[in-house]
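Subject: Structure for your review

Hello,

Here is the structure I said I would pass on. My notes on its surface and its internal spaces follow below.

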Amino acid sequence: MSKMIEAAAAAFQFLSRLPVRREIPFTPEVQQRSVVFYPFVGAIIGVIVAALGLGLSFVLPSFPAAVILLAAWVALTGGLHLDGWMDSADALLSHRSRERMLEIMKDSRVGAMGVMACMLLLLLKASLIMSVWDLSAGVWKQEAWLLVLAPVWSRWFMVHAMYRWPMARGSEGLAALFHGLSVRRRSLAGIVAILLTLVVIGLLWCTTSTLDFAAIGIGGILVIPLAAWAVGSWTAERMSRRLGGLTGDTYGALNEWIETFVLILVVLLLMFT
């Protein structure tokens with residue numbers, strides 16, 4: 001039990017800025033145990049964002065509320081994954097050699113490609129969050145809780161990527177902490193993500209009478225996870241071919257991309273149900 005608590009605390013400390021007052025050894029063993037809780041960290045972030053959005057919906061129009069929600073979303077992660085998105089954009093869009101791209105990702109400075117990629121991503125995310133709220137019916141906007149699925153499955157995909165693709169820098173860098181991640185821990189993280197998805201869909205079923213639950217159930221439990229896996233795998237494979245593997249920055253970029261892709265799917269799901 002103490003190891004589970006330690007692993008959960010490590011996941012929250014690494015992936016979020018939520019206050020977890022516990023001394024955790026920053027070792028590969030602890031970090032690899034912690035990946036089982038990555039989807040749970042995503043769910044907590046999603047719940048906080050959705051709850052804040054519910055409160056803001058009573059006092060602000062959807063656009064400024066969406067911008068505030070996105071700012072809170074980034075703040076809850078400390079911009080960790082967004083930093084990886086920008087560094088990956090600078091490197092992969094430079095069209096340089098593998099060695100030069102890896103050097104660019106290590107540079108703490110952000111280039112023009114990183115800035116443009118960040119601005120476009122944030123604009124798209126803000127518009128999607130706004131759309132989720134606008135498409136949610138009723139005073140309590142229950143359908144908006146589907147956005148919790150975005151941080152859940154994006155963080156599961158990071159775990160899958162750690163297991164599936166090699167490390168671009170070998171034993172160097174942050175990604176090396178997860179070298180040799182076991183299929184058991186990858187699978188456990190997947191089970192956690194599935195259970196959390198079932199909880200979200202179940203709560204919607206209990207609290208909303210206007211939804212087509214056959215479509216919501218199929219979309220939330222089957223389409224979104226499978227589509228996130230397929231699109232994430234295609235992206236990670238292309239990254240790995242160019243870099244010779246993945247890095248900590250590309251894990252963050254994949255998280256941002258899968259979050260955005262799942263938000264697109266949630267908007268489409270709400271539009272057609």
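Helix α10 is the main contributor to a nonpolar patch on the surface, giving five residues to that patch. Please keep in mind that this is a predicted model. The patch consists of I191, I194, L195, L198, I218, I221, L222, V223 and L226, and together these residues have about 790 Å² of accessible area. Besides α10 (213-243), helix α9 (183-207) also supplies at least two residues of the patch. One of the patch residues, L198, is found in α9. L198 counts as partly exposed because its relative accessibility is 41%, and partly exposed covers the range between under 20% (buried) and over 50% (exposed).

Pockets

The largest pocket has a volume of about 480 Å³. Its lining is made up of 17 residues, and W85, L92, L93, T235 and M239 are the closest to the pocket centre. Two or more lining residues come from each of α5 (80-92), α7 (112-135), α10 and α11. By class, the lining of the largest pocket has 13 nonpolar residues, two polar and two charged.

The second largest pocket has a volume of about 310 Å³. It is lined by 22 residues, with L174, T247, G248, D249 and Y251 nearest its centre. The elements that give two or more residues to this lining are α1 (2-15), α5, α6 (98-106), α8 (149-164) and α11. The lining of the second largest pocket divides into eleven nonpolar, six polar and five charged residues.

Helices α5 and α11 therefore appear in both lists of elements that give two or more residues, the one for the largest pocket and the one for the second largest pocket.

Cavity

A search of the whole structure for cavities of 30 Å³ or more gives one. The volume of the largest cavity is about 50 Å³. It is lined by L70, W73, V74, T77, K125, R155, E256 and E259. The elements with two or more residues in this lining are α4 (62-77) and α11 (248-271). Helix α4 provides the largest share, four residues. By class, the cavity lining has three nonpolar residues, one polar and four charged.

If you set up calculations on any of these sites, please tell me which one you start with.

Regards

How values were computed:
Residues numbered from 1 in each chain as written. Predicted model: local features only at pLDDT ≥ 70, side-chain atom pairs only at ≥ 80, totals over all residues. Heavy atoms only, no water. 1 Å grid on protein atoms, 1.4 Å probe; cavity = no way out; pocket = protein on both sides within 12 Å on 5 of 7 lines; lining within 4 Å. Points joined across faces, edges and corners; volume = space filled by probe spheres on them. Nonpolar A, V, L, I, M, F, W, Y, C, P; charged D, E, K, R; others polar. Patch = residues over 30% accessible without salt bridge, like charges linked within 9 Å, V, L, I, M, F, W, Y side chains within 5 Å. Areas by Shrake-Rupley, 256 points an atom, 1.4 Å probe, with all protein chains shown as cover. Salt bridge = Lys/Arg side-chain N within 4 Å of Asp/Glu carboxyl O. Buried < 20%, exposed > 50% of the residue type's maximum accessible area, 1.4 Å probe, protein only.
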